Amino acid sequence: MSKRVVCRNCKIFFEEGGSCPVCKRNSFATSWQGRIQFINAEKSVIAQKMGVEKDGEYAIKIR
Ligand SMILES: [Zn+2]
């Protein structure tokens, strides 16, 4: 399994060596404090607060 990293822009997880599935950048963080999974991002208040539009797994606090 390859290592997972977090997009600094969107905070979504993706595999190291790839680019973010949302913003297509490859500026990432390798350290975070928590994670959250969104299955219905467009209906979730927490997702809206975080600026999340796409379902997936996101990091809470990146460093
Ligand atoms: Zn991104």
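Ser-44 is found in the loop that runs between strand S4 (35-38) and helix H1 (45-50). In this predicted model, Ser-44 has 15 C-beta neighbours inside 10 Å, so it counts as partly exposed. Ser-44 and Ala-29 sit 15 residues apart along the chain, and their C-alpha atoms are separated by 25 Å. Ala-29 turns up again further on, as a residue of S3 that stands opposite Val-6.

Stepping back to the whole chain, there are 5 strands and 1 helix. Read along the sequence, they come in the pattern β-β-β-β-α-β. The radius of gyration is 11 Å, close to the 11 Å that the globule rule gives for 63 residues, so the chain is as compact as a globular protein of that length. Taken along the principal axes, the C-alpha atoms fill a box of roughly 30 × 20 × 20 Å. Buried residues make up 17% of the 63 residues. As for contacts with a separation of 6 or more, 35% of them are between residues 24 or more positions apart.

Next comes the sheet. It is an open one, made of 3 strands in the order S2-S1-S3, and the pairing is antiparallel. S2 and S3 stand at the edges with a single partner strand each, so one side of each is left without a neighbour in the sheet. On one flank, S1 and S2 pair in the antiparallel sense over 3 bridges, and here Val-5 stands opposite Phe-14 in S2. On the other, 2 bridges join S1 to S3, again running antiparallel. Val-6 stands opposite Ala-29 in S3, while Cys-7 has Phe-28 of S3 as its bridge partner.

S1 and S2 also form a hairpin, with 5 residues between the strands. Lys-11 belongs to the loop of this hairpin, between S1 and S2. Its phi is near 70 degrees, which is a positive value in a residue other than glycine. Is Lys-11 buried or exposed? With 23 C-beta neighbours inside 10 Å, Lys-11 counts as buried.

The loop between S2 and S3 holds another lysine with a positive phi. Lys-24 is placed in that loop, and its phi is near 65 degrees, again in a residue other than glycine. The surroundings of Lys-24 are another matter: 9 other C-beta atoms lie within 10 Å, so Lys-24 is exposed.

Glu-16 lies in the loop between strand S2 (13-15) and strand S3 (28-29) as well. With 11 C-beta neighbours inside 10 Å, Glu-16 counts as exposed. Even so, Glu-16 has contacts with residues elsewhere in the sequence: leaving aside those up to four places away, it touches Ser-2, Lys-3, Arg-4 and Val-5. The C-alpha atoms of Glu-16 and Val-6 are separated by 8.7 Å, with their positions 10 residues apart along the chain.

What makes up the largest nonpolar core? That core has 10 residues, namely Val-5, Val-6, Cys-7, Cys-10, Ile-12, Phe-14, Cys-20, Val-52, Tyr-58 and Ala-59. Strand S1 (4-7) and strand S5 (56-59) each supply at least two of them, and S1 gives the most, with 3 residues. In soluble globular proteins, nonpolar side chains tend to be buried together.

Several of these core residues have already come up in the sheet. Val-5 and Phe-14, both listed in the core, stand opposite each other across S1 and S2. Val-6 and Cys-7 are core members too; Val-6 stands opposite Ala-29, and Cys-7 has Phe-28 as its bridge partner. Ala-59 is another residue of the core. Not counting residues up to four places away in sequence, Ala-59 touches Val-6, Lys-11, Phe-13, Trp-32 and Arg-35. Among these contacts, then, are Val-6 and Lys-11: Val-6 belongs to the core, and Lys-11 is the residue with a positive phi in the hairpin of S1 and S2.

Notes: Residues numbered from 1 in each chain as written. Predicted model: local features only at pLDDT ≥ 70, side-chain atom pairs only at ≥ 80, totals over all residues. Core = buried A, V, L, I, M, F, W, Y, C linked by C-beta atoms within 7 Å. Buried ≥ 20, exposed ≤ 12 C-beta atoms within 10 Å, placed from the backbone. Helix = DSSP H or I, 4+ residues; strand = E, 2+ residues; numbered from the N terminus. Contact = placed C-beta atoms within 7 Å. Rg over C-alpha atoms; globule rule 2.2 N^0.38 Å. Pairing = 2+ DSSP bridges.
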